[in-house]
Amino acid sequence: MDAYFSDHKDKRCLMLGGNDFIGSKVIDFCTETGIHMGIIDLETHKSMPLEEMFGPTYQCIDSGNQASMENVVDQIITEMGDIDYIVCNYYLDELREEMKNQEESCLKWEEVLQDWGLNYFLLLKTIVARFDDDKKRKIVFFNSARGYTGEGEGEGQLIPEGSIVEAACASGVTGMMTSIARSIIPKGYSVNGIALGEEYKEKWGHIEWAMNLWLTGIGEYSCGETYRVY
């Protein structure tokens with residue numbers, strides 16, 4: 001591991017969404033850099049291997065349930081202590097696979113909005129309420145690049161065709177996180193995103209670079225910005 005990553009040693013990270021590709025890669029990154037981890041998954045995505053690996057710092061929640069989120073956050077903080085990093089991850093690979101052959105029904109809209117947007121909000125609301133100090137905590141949220149159009153490489157081009165549910169929810173997450181950033185930056189937090197394009201599984205090096213950038217605070221001047229991995 002490059003020395004550039006060494007500043008993370010003994011930091012504490014709480015991640016929502018551990019049981020998927022990005023979650024597993026973030027776990028690897030944290031393990032290699034000496035970051036202590038707490039992980040929250042949805043009950044629908046519970047992982048016995050992660051439970052065995054992390055013990056009491058691995059917890060599952062009832063999706064969209066504020067009391068459930070508050071309970072597991074309290075349990076993990078009791079075990080780990082203070083939190084330096086918060087990572088919000090959604091099971092994007094699973095969603096994209098499901099939506100290849102699934103009708104974009106009202107039920108699917110409600111499920112994705114709750115599992116993705118609402119749980120991101122509940123985690124951050126709970127964390128901010130637990131710490132009333134000016135410690136410079138870092139928040140990184142994973143999103144979908146399908147929530148953006150006409151920017152980046154190929155100026156003016158539309159994103160590739162995909163699920164309307166994914167694109168709409170991703171745009172909603174962007175707006176929500178921007179609003180959250182505005183309200184908690186004065187408390188010492190930084191909030192930044194990483195938006196995943198079509199072939200993100202082949203571009204972990206870019207994703208890791210962006211995550212390291214946001215977590216180190218080197219890019220603190222760009223708080224509220226999202227790095228897009230096309």
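Cys30 is buried (under 20% relative accessible area, with over 50% counted as exposed and values in between as partly exposed, for a 1.4 Å probe and protein chains only), its own relative accessible area being 3%. The structure is a predicted model, in which local features need pLDDT of at least 70 and side-chain atom pairs count only at pLDDT 80 or more, while totals for chains, interfaces and linings use all residues. Residues are numbered from 1 along each chain as its sequence is written, and side-chain values use heavy atoms, with hydrogens and water left out.

A search of the whole structure finds zero disulfides, a disulfide being a pair of cysteine sulfur atoms within 2.5 Å. Cys30 is accordingly in no disulfide, and the nearest cysteine sulfur, that of Cys13, is 4.4 Å away. Cys106 is likewise in no disulfide, the nearest cysteine sulfur being that of Cys169 at 12 Å; Cys106 is exposed, with a relative accessible area of 62%.

Helices (H or I, at least four residues) and strands (E, at least two) are DSSP runs, numbered from the N terminus. Helix H5 comprises the 25 residues 106-130, for which a span of 36 Å is expected at 1.5 Å a residue, and the 35 Å between its end C-alpha atoms agrees with this; the expected span is 1.5 Å times one less than the number of residues. H5 nevertheless has a kink of about 35°, centred on Gln114, where the bend is the angle between axes fitted to the seven residues ending at a residue and the seven starting there.

Strand S5 (residues 138-144) is largely enclosed by the rest of the structure, because seven of its seven residues are buried. Lys138, Val140, Phe142 and Ser144 point one way from S5, whereas Ile139, Phe141 and Asn143 point the other way. Strands are taken to pair if DSSP finds at least two bridges between them. S5 pairs in the parallel sense with strand S4 (residues 85-88) over four bridges, with Val87 opposite Val140, and also in the parallel sense with strand S6 (residues 190-196) over seven bridges, where Lys138 stands opposite Ser190.

The largest nonpolar core, a set of buried Ala, Val, Leu, Ile, Met, Phe, Trp, Tyr and Cys residues joined through side-chain atoms within 4.5 Å, has 71 residues, and those with the most contacts inside it include Trp116, Phe142 and Ile194. Helix H6 (residues 164-184) gives the most to this core, with nine residues. Leaving aside neighbours within four places in sequence, Ile194 is in contact (heavy atoms within 4.5 Å) with residues including Val140, Phe142 and Trp214.
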